[in-house]
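Hi,

Here is the structure I promised to pass on. Have a look at it first, and then read my notes below.

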Amino acid sequence: MSEIVYEAGCAVVRPGRDIVASAAEDLRAELKKVMAQGPGALTVDLAGVGMIDSVGLGLLVAAHNTLGKSGEKLRIRNTGSDILGLFRTMRLDRHFVLEG
């Protein structure tokens with residue numbers, strides 16, 4: 001279960017574990033619940049996340065697309081160098097807002 005906090009009008013979701021197929025359904029449900037509460041910024045804090053697989057990437061892209069319908073972008077925080085490299089390789093750094 002992710003930690004969900006609200007900071008300055010922004011929901012911050014901290015999965016705290018790898019975003020892979022075996023954990024995707026739980027995280028998908030949590031993100032849907034947060035996004036259903038209304039339009040607003042969403043940040044996924046990747047502190048403690050060491051790996052994201054293709055299912056996890058798909059989940060983040062789906063969240064980004066949902067947020068885009070209300071004019072928002074998905075914000076990603078605390079990416080490790082491996083995950084940042086993956087985002088750059090997949091050109092997701094052009095779509096997500098990457099924060100320190």
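**Helix H1 and what surrounds it**

In H1, the buried residues are Ala23, Ala24, Leu27, Glu30, Leu31, Val34 and Met35. Before going on, please keep in mind that this is a predicted model. The cover over those buried residues of H1 includes strand S1 (3-7), strand S2 (10-14), strand S3 (41-45) and helix H2. On the general side, an α-helix has 3.6 residues a turn, so residues three or four places apart point the same way.

I also checked the length of H1. With 1.5 Å for each residue, its 16 residues should span 22 Å, and the C-alpha atoms at its ends are 23 Å apart, which agrees. After H1 comes Gly38, which has a positive phi near 130°.

**H1 against H2**

How do you describe a pair like this? Two packed helices are described by the angle between their axes and the distance between the axes. Here, H1 covers residues 21-36 and H2 covers residues 54-68; their axes come within 9 Å and cross at roughly 10°. Angles under 35 degrees count as roughly parallel, and H1 and H2 are therefore roughly parallel to each other. The crossing in which H1 passes H2 is right-handed.

On the H1 side, the contact is made by Ala21, Ala24, Leu27, Arg28, Leu31 and Met35, while H2 brings Val55, Leu59, Ala63, Thr66 and Leu67. Sorted by class, that contact has nine nonpolar residues, one polar and one charged. Ala24, Leu27, Leu31 and Met35 of H1 make contact with H2 and are also among the buried residues of H1.

**Phe87, in the third helix**

Is Phe87 buried or exposed? Phe87 is buried, since its relative accessible area is 0% and buried means under 20%. Phe87 sits in helix H3, residues 81-89. Not counting neighbours within four places in sequence, Phe87 is in contact with Leu46, Ile52, Leu57, Leu60, Ile76, Thr79, Leu92, Asp93, Phe96 and Leu98. Leu57 and Leu60, from that list, fall within the residue range of H2, 54-68. As for Gly50, it is 37 residues from Phe87 in sequence and 13 Å from it in space, C-alpha to C-alpha.

**Two residues with a positive phi**

Most residues other than glycine have a negative phi, and most peptide bonds are trans. Asn78 is not a glycine, yet its phi is positive, near 60°. You'll find Asn78 in the loop between strand S4 (74-77) and H3, where it counts as partly exposed at 32% relative accessibility.

Arg91 is not a glycine either, and has a positive phi of about 60°. Arg91 belongs to the loop between H3 and strand S5 (97-99). With a relative accessible area of 49%, Arg91 is partly exposed.

**Three more arginines to look at**

Start with Arg17, in the loop between S2 and H1. Arg17 is partly exposed, at a relative accessible area of 24%. Apart from neighbours within four places in sequence, Arg17 is in contact with Met1, Ser2, Ala23, Asp26, Leu27, Gly48 and Val49. Of these contacts, Ala23 and Leu27 are listed among the buried residues of H1. Arg17 and Ala36 are 19 residues apart in sequence, and their C-alpha atoms are 23 Å apart in space.

Next is Arg14, in strand S2, which is partly exposed with a relative accessible area of 23%. Which residues does Arg14 touch, leaving aside neighbours within four places in sequence? Arg14 is in contact with Ser2, Glu3, Val5, Glu7, Asp45 and Arg77. One of these is Glu3: Arg14 and Glu3 are eleven residues apart in sequence but 5.0 Å apart in space, C-alpha to C-alpha.

Last comes Arg75, in strand S4. At 24% relative accessibility, Arg75 is partly exposed. Its contacts, again without neighbours within four places in sequence, are Ala41, Leu42, Thr43, Val44, Val97 and Glu99. Between Arg75 and Leu42 there are 6.1 Å, C-alpha to C-alpha, although they are 33 residues apart along the chain.

Cheers

Note on methods:
Residues are numbered from 1 along each chain as its sequence is written. This is a predicted model: local features need pLDDT of at least 70, side-chain atom pairs count only at pLDDT 80 or more; totals for chains, interfaces and linings use all residues. Side-chain values use heavy atoms; hydrogens and water are left out. Axes are lines fitted to C-alpha atoms, for helices over the stretch in contact, and angles run from 0 to 180 degrees between N-to-C directions. Helices (H or I, at least four residues) and strands (E, at least two) are DSSP runs, numbered from the N terminus. Angles under 35 degrees count as roughly parallel, over 145 as roughly antiparallel, 65 to 115 as roughly perpendicular and the rest as oblique. A crossing is left-handed if the near helix is turned anticlockwise from the far one by less than a right angle, and right-handed if clockwise. Contact means heavy atoms within 4.5 Å. Ala, Val, Leu, Ile, Met, Phe, Trp, Tyr, Cys and Pro count as nonpolar, Asp, Glu, Lys and Arg as charged, and the others, Gly among them, as polar. The expected span of a helix is 1.5 Å times one less than its number of residues. Buried means under 20% relative accessible area, exposed over 50%, partly exposed in between (1.4 Å probe, protein chains only).
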